[in-house]
Amino acid sequence: MALVKKQYLKLVVTVFAVTLFFGCESNFKEIQKINFSEFIPNSDADLVNLKYTDSGRITAILVSAKMLDYSSVDFPFTEFPKGIDVTLFDKKAKKTFIKSNYAISYKGTSIIDLQGKVKIFTEDGQTLETEQLYFDQKNEWFFTERKFKLSDPKGTSNGQGIDFSKDFKVINSQKITGEIESAD
């Protein structure tokens, strides 16, 4: 009789524990939903054509098929999931053109991350191609640690790691190969 009571007590405790466990699961999922915040953009724009000015002079034109603005998150950024086509103008109205398949601009650091078939070319015939390139907007400086191809009327070079000014006047490259005519 004591054995039957013990087994009956174990059965009751097991049934109670299983009921309690499965009964709380739906509440647990509801609690998880409370702490879940959706990561959605504040604004969403199609066919964007932005013009940036400084003292009435156009300094850049940005064209993109899609722009997503995440300005209310802790580290605000703007995403261009379908790529960008940018024209930069220097003070003498010389143009530098930038294209990439994807871009993301971080508001706090003023860094733009360009990704996927990044190509920069100038009116002077200089071209840089790489898979990822960063642009520091404050210092007007490009940089990457990825492989690149740099071409100009004097020749072509390949390498890994490069940084340069937006007008290509200052270029620092690492691990470079190729032939370029020097100006003597």
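Biologist: Let's start with the sheet. How many bridges pair strand E1 with strand E2, and in which sense do they run?

Modeller: Strand E1 covers residues 43-54 and strand E2 covers residues 57-70, and the two pair in the antiparallel sense over eleven bridges. Keep in mind that this is a predicted model. To find your place in the ladder, take leucine 50, whose bridge partner in E2 is leucine 62.

Biologist: And what links E1 to E2?

Modeller: They form a hairpin with two residues between them. Look at serine 55 in that turn, which has a positive phi of about 55 degrees.

Biologist: Which strands does E2 pair with besides E1?

Modeller: One is strand E4 (residues 84-89), which is antiparallel to E2 over four bridges; there, alanine 60 has leucine 88 as its bridge partner. Another is strand E3 (residues 77-80), also antiparallel to E2, over three bridges. In that pairing aspartate 69 is matched with threonine 78, and the hairpin that joins E2 to E3 passes through six residues.

Biologist: How should I picture the side chains along strands like these?

Modeller: In a regular strand, side chains alternate between the two faces of the sheet.

Biologist: How many helices and strands does the protein have in total?

Modeller: One helix and twelve strands. Going from the N terminus, the α element comes at the start and the β elements follow it.

Biologist: Let's turn to pockets. How does one see where empty space is left?

Modeller: The idea is to roll a probe the size of a water molecule over the atoms. In this structure, the largest pocket has a volume of about 480 Å³. It is lined by 24 residues, and those closest to its centre are Tyr52, Ala60, Ile112, Phe135 and Gln137. You have already met Ala60, as the bridge partner of leucine 88.

Biologist: Which strand gives the most to the lining of the largest pocket?

Modeller: E2 does, with four residues. At least two residues each come from E1, E2, E3, E4, strand E6 (102-106) and strand E7 (111-122). Sorted by class, the lining of the largest pocket holds 16 nonpolar, five polar and three charged residues.

Biologist: How much space lies in the second largest pocket, and which residues are closest to its centre?

Modeller: The second largest pocket has about 400 Å³ of space. Its lining has 21 residues, with Asp90, Thr96, Lys166, Asp167 and Lys169 closest to the centre. E2, E4 and strand E5 (95-100) each give at least two residues to this lining. By class, the lining of the second largest pocket has three nonpolar, five polar and 13 charged residues.

Biologist: Now burial. Is glutamine 126 buried or exposed?

Modeller: The cut-off for buried is under 20% relative accessible area. Glutamine 126 comes out at 16%, so this residue counts as buried. Its place is the loop between E7 and strand E8 (127-136). Beyond its neighbours within four places in sequence, glutamine 126 contacts Ile120, Phe121, Ser151, Asp152, Asp167 and Phe168. Asp167 is also one of the residues closest to the centre of the second largest pocket.

Biologist: What about lysine 147: buried or exposed?

Modeller: Exposed means over 50%, and lysine 147 is exposed because its relative accessible area is 64%. You will find lysine 147 in strand E9. Leaving out residues up to four places away in sequence, lysine 147 touches Glu129, Thr130, Glu131, Gly159 and Gln160. With glutamate 131, the separation is 16 residues in sequence and 7.5 Å from C-alpha to C-alpha.

Biologist: What percentage of the whole protein counts as buried?

Modeller: Of its 184 residues, 32% do.

Biologist: Then which residues of the largest nonpolar core touch the most other members?

Modeller: That core has 23 residues, and the ones to pick out are Leu114, Leu128, Leu133, Phe142 and Phe164. E2, E4, E7, E8, strand E9 (141-152) and strand E10 (155-165) each supply at least two residues of this core, with E7 giving the largest share, four residues.

Biologist: What is leucine 133 in contact with?

Modeller: Apart from neighbours within four places in sequence, leucine 133 contacts Ile112, Asp113, Leu114, Val118, Ile120, Leu128, Phe142, Phe143, Thr144 and Phe164. For the protein as a whole, 33% of the contacts between residues at least 6 apart in sequence join residues at least 24 apart.

Technical notes. Residues are numbered from 1 along each chain as its sequence is written. This is a predicted model: local features need pLDDT of at least 70, side-chain atom pairs count only at pLDDT 80 or more; totals for chains, interfaces and linings use all residues. Side-chain values use heavy atoms; hydrogens and water are left out. Two strands pair if DSSP finds at least two bridges between them. On a 1 Å grid over the protein atoms alone, a cavity is a set of points where a 1.4 Å probe fits but cannot get out, and a pocket is an open set with protein on both sides within 12 Å along at least five of seven lines; lining residues have an atom within 4 Å of a point. Grid points are joined across faces, edges and corners, and a volume is the space filled by probe spheres set on the points. Ala, Val, Leu, Ile, Met, Phe, Trp, Tyr, Cys and Pro count as nonpolar, Asp, Glu, Lys and Arg as charged, and the others, Gly among them, as polar. Buried means under 20% relative accessible area, exposed over 50%, partly exposed in between (1.4 Å probe, protein chains only). Contact means heavy atoms within 4.5 Å. A nonpolar core is a set of buried Ala, Val, Leu, Ile, Met, Phe, Trp, Tyr and Cys residues joined through side-chain atoms within 4.5 Å.
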